[in-house]
Every structure is written in structure tokens, then in C-alpha cells.
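This briefing introduces one protein chain to a reader who has not met it before. The sequence and structure are shown first, and the main points follow by topic.

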Amino acid sequence: MNALATATTATPDTATPDATAAPTAGAATPATGTATTGTATTAAPATGTATTGGTAPVRASLVLRTKLAPTAPVLRAATAALWRPDGLRPRYVRYLAAMHPLVRASVPLLLRAAERCAERPDDPAARLLAAYFLRHAEEERDHDVWLLDDLAAAGAGPAAVPHPVAVELAGAQYYRIEHEHPVALLGYIAVLEGNAPGPRLADHLAGATGLPGRAFRTLREHAALDGGHLDNLYRVLDALAPGAARQTAVAVSALHTANLLTRLFLSLAEDPGGHR
């Protein structure tokens, strides 16, 4: 979870040819501050699957992707603005500083979600969900250190005050874990890992910024890792076969996350200080 996590990025058409412009969890509309689902498929019925014409079941992962697909162009536009050529070097450093507190929150979020699952012995899905969260926490461990190393290589350090949108991104998940259901965290992870950097983005940014190659470890590592992580998340979501209420919780979490991620990228793209 390059939390996502992430070094979630896409690049403008003029920047690099392998931009990750098709995020699994899409984005929300920054103009209104709210996400949109358009006319996408609705949440599944209580049996844990959606149906087409009342017959064939639809996997929960497909339901989520369909709900979020219409929002993808907005996130593409935000990432294109983030990686535009002018002022790219200081903007990349601000990006690293903004992402550090978000990535630092990843493992604690996953561990807390697993704990909350363990408190639900009568929930048949809780054991599978807890196992996934614990496994993924180990996969995400020390990724915040990568960002600190990237910042140091770029001649910078972590922000004295976390970016407020990064705080909101992580904080919303703490609320959902504690007061809704830990399954909502899957929507958050799907957005962050559904926007993994393209395999050549780090090389492009190194050339465009003049920063040393060691300032791009987080981008390189997540370009290699996050696709497989996302596939695993969708397998777990389908195995859970969540009912309508839990599918809605995952989708709302994902849409909210996509909205905030779009706001974060636009803030970094538009504001010299990185806060807006």
C-alpha cells in the first residue's frame, strides 16, 4: 500500500509514455470536493454478489472497479499537473514530503484493522480479512524509510507539519476501522495501489529533475510491487463475497480516498508551498 501509499502517479502525455493513467480506484471531482459514481453498477445484494438481469453473479472486485472507473480521468488530470515539466524538481521533493506521513500510517492502519477483525469472532469474514491485513502489513513494513532515504538523497527531509490532506486520508480510515467495519480499508488500499507508478517514471523524473537516482527508490519499488498487491486485494475481496452493506462501505471508502488523493495532487501541483 503505497499509501499507497504510496507513490501513486501518472504522468502527462508529454512527460513519459508509460504513465499509469488507468487507476483501479479512480478519482473524485476536485471542483466539488465530492466523488462521483456516475451510472456505474450498484452494490451487490445481501448474498455477496451483484447480478446482471437477475441471473449471472458479478464478482465484488468487478463491482468496485465499475463504480470507480468513471472517476479515472480526473485523477489522470491531477497527476498530469503534478508531473508537468515546469518546477518539477521542487515539486517532486514536496511530493515525497507529503507522501511520507501517509506511507508511515500504512502499517499501523493495517495492524489496527486486523485487531478490530479479531474482536469480531462471530463474523465469518473476519478471519480471512485479518489474515490479509497482517500479511499486507509485513509487505508494507519500512516503506516510510524508503521515503526518508529518497528525501535525504534529494537534499531534504520530512515535513515539519504533515500535509493536511495526507492526514485526512489516513484519519478517515481510522474512523472507518473503528466505527464502521475494517473491510472499508480495502477501498483505501485499492485506490492507492491501483495508481502505482509506471515502470519508467522514476527514470523520466530523474532525467527531468537532475536529482540522483537514489532519490527515486519509492517509485521504483512500488512500480514493481503494487500491481501484484492489487491483484491479491481483489482476490481477497471476491473470496469475502461481501453483502450489500459491506460492498457499499468499501466503495464509499474508495471514492472518498480517490477524492482526497486528487486534492492532494492538485495541491502539490498548484501551491508552491504544497499546502492548499
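In this briefing, contact means heavy atoms within 4.5 Å. In that sense, and leaving aside neighbours within four places in sequence, Phe 216 is in contact with Tyr 92, Asp 150, Ala 202, Leu 205, Ala 206, Thr 209 and Leu 211. The structure is a predicted model. The chain has 276 residues, of which buried residues make up 54%.

**Overall layout**

- The chain contains 11 helices and 2 strands.
- Along the sequence, these elements follow the pattern β-β-α-α-α-α-α-α-α-α-α-α-α.
- Helix α8 spans residues 185-193 and is mostly covered, with 9 of its 9 residues buried.
- The buried residues of α8 include Leu 185, Leu 186, Tyr 188, Ile 189 and Val 191, together with Glu 193.

**The nonpolar core**

- In soluble globular proteins, nonpolar side chains tend to be buried together.
- The largest nonpolar core of this model has 73 residues.
- The largest share of this core comes from α11, which supplies 11 residues.
- The residues with the most contacts inside the core are Leu 64, Tyr 92, Tyr 95, Phe 133, Leu 186, Phe 216 and Leu 264.
- One of these, Leu 186, belongs to the buried residues of α8.
- Another is Phe 216, whose contacts include Tyr 92.

**Aromatic pairs**

- The whole structure holds 6 aromatic pairs.
- One of them joins Tyr 92 and Tyr 95 in a stacked arrangement, at 6.2 Å centre to centre and with 25 degrees between the planes.
- Both Tyr 92 and Tyr 95 lie in helix α3 (residues 88-104), where they are 3 residues apart, about one turn of the helix.
- An α-helix has 3.6 residues a turn, so residues three or four places apart point the same way.
- Tyr 92 and Tyr 95 are both buried.
- Tyr 95 also pairs with Phe 265, and this pair is tilted, at 6.4 Å centre to centre and with 55 degrees between the planes.
- Because Tyr 95 lies in helix α3 and Phe 265 in helix α11, this pair ties together parts that are 170 residues apart in sequence.
- Phe 265 is buried, as is Tyr 95.
- Ring pairs link Trp 83, Tyr 92, Tyr 95, Phe 216 and Phe 265 into a cluster.
- Elsewhere, a charged side chain meets a ring: Arg 65 lies over the face of Tyr 234, at 5.0 Å from the ring centre.

**Salt bridges**

- The structure holds 13 salt bridges.
- One joins Arg 112 to Glu 119, with the closest N and O atoms 3.8 Å apart.
- Both partners are partly exposed: Arg 112 has a relative accessible area of 23%, and Glu 119 has one of 45%.
- Another salt bridge joins the side chains of Arg 116 and Glu 178, at 3.6 Å from N to O.
- Arg 116 lies in helix α4 (residues 106-118) and Glu 178 in helix α7 (residues 164-179), so this pair ties together parts that are 62 residues apart in sequence.
- Glu 168 forms a salt bridge with Arg 263, in which the closest N and O atoms are 3.5 Å apart.
- This pair links distant parts of the chain, with Glu 168 in helix α7 and Arg 263 in helix α11 (residues 244-270), 95 residues apart.
- Glu 168 is partly exposed, with a relative accessible area of 32%, and Arg 263 counts as partly exposed at 32% relative accessibility.
- Salt bridges that share partners join Arg 112, Glu 115, Arg 116, Glu 119 and Glu 178 into one network.

**The setting of Arg 116**

- Arg 116 counts as buried because its relative accessibility is 17%, and buried means under 20%.
- Its partner Glu 178 counts as partly exposed, at 26% relative accessibility.
- Besides the salt bridge, the side chain of Arg 116 reaches the backbone oxygen of Glu 178 at 2.8 Å.
- Not counting residues up to four places away in sequence, Arg 116 touches Ile 177, Glu 178 and Pro 182.

Technical notes: Residues numbered from 1 in each chain as written. Predicted model: local features only at pLDDT ≥ 70, side-chain atom pairs only at ≥ 80, totals over all residues. Heavy atoms only, no water. Salt bridge = Lys/Arg side-chain N within 4 Å of Asp/Glu carboxyl O. Buried < 20%, exposed > 50% of the residue type's maximum accessible area, 1.4 Å probe, protein only. Helix = DSSP H or I, 4+ residues; strand = E, 2+ residues; numbered from the N terminus. Core = buried A, V, L, I, M, F, W, Y, C linked by side-chain atoms within 4.5 Å. Polar contact = N/O pair within 3.5 Å; in protein donor to acceptor, adjacent residues only side chain to side chain. Phe/Tyr/Trp six-rings, centres within 6.5 Å; stacked < 30°, edge-to-face > 60°. Lys NZ or Arg CZ within 6 Å of the ring centre and 35° of its normal.
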